[in-house]
Amino acid sequence: MQRIFLAVFIAILVAIPLIPGTPEFWVNQMNTIGIASLVVLGLVILTGVAGMTSFGQAAFVGMGAYATAYLSTSLGYSPWIGLLAGLAIAFVIAYILGQITLRLSGHFLPLGTIALCLIFYYLFGNMDFLGRHDGLPGIVPIEIFGFSLLKARAIYFLIWGVVLLSIFLSLNLLNSRTGRAIRALKNGAAMAESFGVNTHHYKMIAFVYAALLASVAGWLYAHEQRAVSPSTFGLNYGIEYLFMAVIGGSVSIWGAILGAGLVVFLRDQIQAYTPYLIDAKVNVEMVVFGILMVLILHHAKDGLWPILMRGVNKIFGEKQTQNTDLGLDEKAAELPKRERPQKGDTVLRVNKIRKEFGGLVAVNDISFEVKAGQIMGLIGPNGAGKSTSFNLITGVLPLTSGTVEFMGQKISGLSAREISRLGIGRTFQHVQLLPNMTVLENVALGAHLRANSGVVSSLLHLERESEARLLKEAKIQCERVGLGDYLYEKAGNLALGKQRIVEIARALALDPTLLLLDEAAAGLRYKEKQDLAAVLSALRDEGMSILLVEHDMDFVMKLTNHLVVMDFGTYLAEGSPAEIQQNPAVIEAYLGGMDDVLDMASTEVKV
Ligand SMILES: Nc1ncnc2c1ncn2[C@@H]1O[C@H](COP(=O)(O)OP(=O)(O)OP(=O)(O)O)[C@@H](O)[C@H]1O
């Protein structure tokens, strides 16, 4: 059905300027919508997908427009040179601004982009060679193979061709290893770092990509309008582009066109009818858009596109289909695997690790070791410091003191990203999946470090082979933990217990030597726990080392080889499950009064 809609959409696009009766005004409006769509498409990726707000896209539009206007009109270069110059300028400025602001969290990027818009507005308006506030008129038309795109109906095809091409490239980008990393930025940046994703790098990619699209829009604008002046690149336009993204639907590529279309249409209608209604010289359209934006944020925060799609699906009786067209290929080669240590080798050595949060000592000089082919349990009552210990080992939190060694190498002081690269995979106490991504894609994110396809190959979909290998690996890990029937289900639709299993599959996709599982059995039913225990036992038999934090004593006692018990951040005891069950200090501090739990847990797994 989607393909039919796309074909109809393209057919309508092609027909509009070809029908002789189509008013010139409509064609011009469509050109304006197409140009704005390009800017908004960048914003959808930057803001809707990657979660970074920019008010400054109008400045990048201005860079593209002024670069080509000056080069082609004042200096006589081809508009195609102008396009390249605009792209180069936007790239450099976006790169510099990104390097300064993207490492800082919170409001620095929005503020930086506001400043950018103001700076360029005044630069454009005060430079003699750019015509100051009058701008540059008489811009030459673009020529393609000697054919001049002077008329609105001619440049129309270039504009919409570029829009469709950009949509194609953007969809390729989002459905790739690079895209999965970008999609993790908004709500899973810390998780993604734990799987080796360099989040700063991917923020830069999203920011620069959006700037380049805006610059192309500026180039088209300059040659369509055949004049540029600073007023169209001011902050109010930067805000208007954001309105378009929010109104259309900032989480959907197609929402960009809907948003641009609606705002351009409404702006025109409001400007046409306002003089008949009120005697005002204010920008009534901005007031209307502002109100519309507040209403949409309140009632439909994903914008109008998803609502439109639900309506269309209802009319045509279409079910919300899962995206099964991810490029999974059963015949793809398997990814290479890490060498495993010998059974019994020390994999992890934790030496007097300590974490203080102000006056609270959450982890108090704890030491233990994990051996290859062993499941080691870290247990203790609520607040004992287990999760904090996990975060210290995996580099999510810095140590106050102590050291951690992994495979004989000191890893304390390394970042979560560097530690994951060495072969430590983890799950999280509070599930950290990307709910709108399929199970397969979530798990493929875990294998991020096992491929190296870059942004250009992703855009052009030249990374098919590497992508197919990643997805096949994700499928193998899903099937390994019993998720074979859920590959194309959105992770957010699964029950919590299943989501925890997806986290394990994602950690396995990293091909870890050591697996850290934080309350993996929480929320699972009895049968699911048995299945999970079987999976973890099988992993151990394959030589995997597992460090497990778990509250279910039955599960822990039956599965683990060795236990370390913590209480109030402090080491309490360690030993085999049988020894721990007999340890009076443990019974008193942790298991006291839970005789039935001890009875249940009495069947220890022999290894
Ligand atoms: N970021 C933080 N800032 C301040 N205190 C913290 C922080 N993280 C954890 N703590 C405190 O450190 C102590 C240990 O917490 P932690 O989450 O590691 O315990 P836990 O053993 O994992 O508990 P649970 O089994 O309930 O998850 C608790 O008192 C907790 O409130």
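**Notes on the aromatic pairs, cysteines and ligand shell**

1. A good place to begin is the rings: there are 13 aromatic pairs, where rings of Phe, Tyr and Trp (its six-membered ring) pair if their centres lie within 6.5 Å. One of them joins phenylalanine 91 and tyrosine 95, which are stacked (planes under 30 degrees apart; over 60 is edge-to-face and the rest tilted), with 6.2 Å centre to centre and 10° between the planes.

2. Before going on, a word on the basis: this is a predicted model, in which local features need pLDDT of at least 70, side-chain atom pairs count only at pLDDT 80 or more, and totals for chains, interfaces and linings use all residues. Residues are numbered from 1 along each chain as its sequence is written, and side-chain values use heavy atoms, with hydrogens and water left out.

3. Phenylalanine 91 and tyrosine 95 both sit in helix H4 (residues 79-101), four residues apart, about one turn of the helix; helices (H or I, at least four residues) and strands (E, at least two) are DSSP runs, numbered from the N terminus. Phenylalanine 91 has a relative accessible area of 40% and is therefore partly exposed (buried is under 20%, exposed over 50%, partly exposed in between; 1.4 Å probe, protein chains only). Tyrosine 95 is also partly exposed, at 40%.

4. By contrast in geometry, tyrosine 121 and tyrosine 122 make an edge-to-face pair, 5.1 Å centre to centre with 80° between the planes. Tyrosine 121 is partly exposed at 24% relative accessibility, and tyrosine 122 is partly exposed at 49%. Please look as well at Tyr66, Phe120, Phe124, Tyr221 and Phe233, which form one aromatic cluster.

5. On the cysteines, the count is zero disulfides, a disulfide being a pair of cysteine sulfur atoms within 2.5 Å. Cysteine 117 is buried, with 1% relative accessibility, and cysteine 478 is buried, with 0%.

6. Now the ligand: 14 residues surround it, the closest being Asn382, Lys386, Thr388, Gln429 and His551 (a heavy atom within 4 Å). By class, this shell holds five nonpolar, seven polar and two charged residues. Strand E4 (360-371) and helix H14 (386-393) each supply at least two shell residues, and H14 gives the most, with three.

7. Among the ligand's polar contacts (N or O atoms within 3.5 Å), a polar side-chain atom of glutamine 429 lies 2.4 Å from a ligand oxygen. For histidine 551, a polar side-chain atom lies 2.7 Å from an oxygen atom of the ligand. Taken alone, the ligand exposes 640 Å², and the protein buries 62% of that (Shrake-Rupley method, 1.4 Å probe).

Methods: A polar contact is a pair of N or O atoms within 3.5 Å; within protein, one must be able to donate a hydrogen and the other to accept it, and residues adjacent in sequence count only if both atoms are side-chain atoms. Ala, Val, Leu, Ile, Met, Phe, Trp, Tyr, Cys and Pro count as nonpolar, Asp, Glu, Lys and Arg as charged, and the others, Gly among them, as polar.
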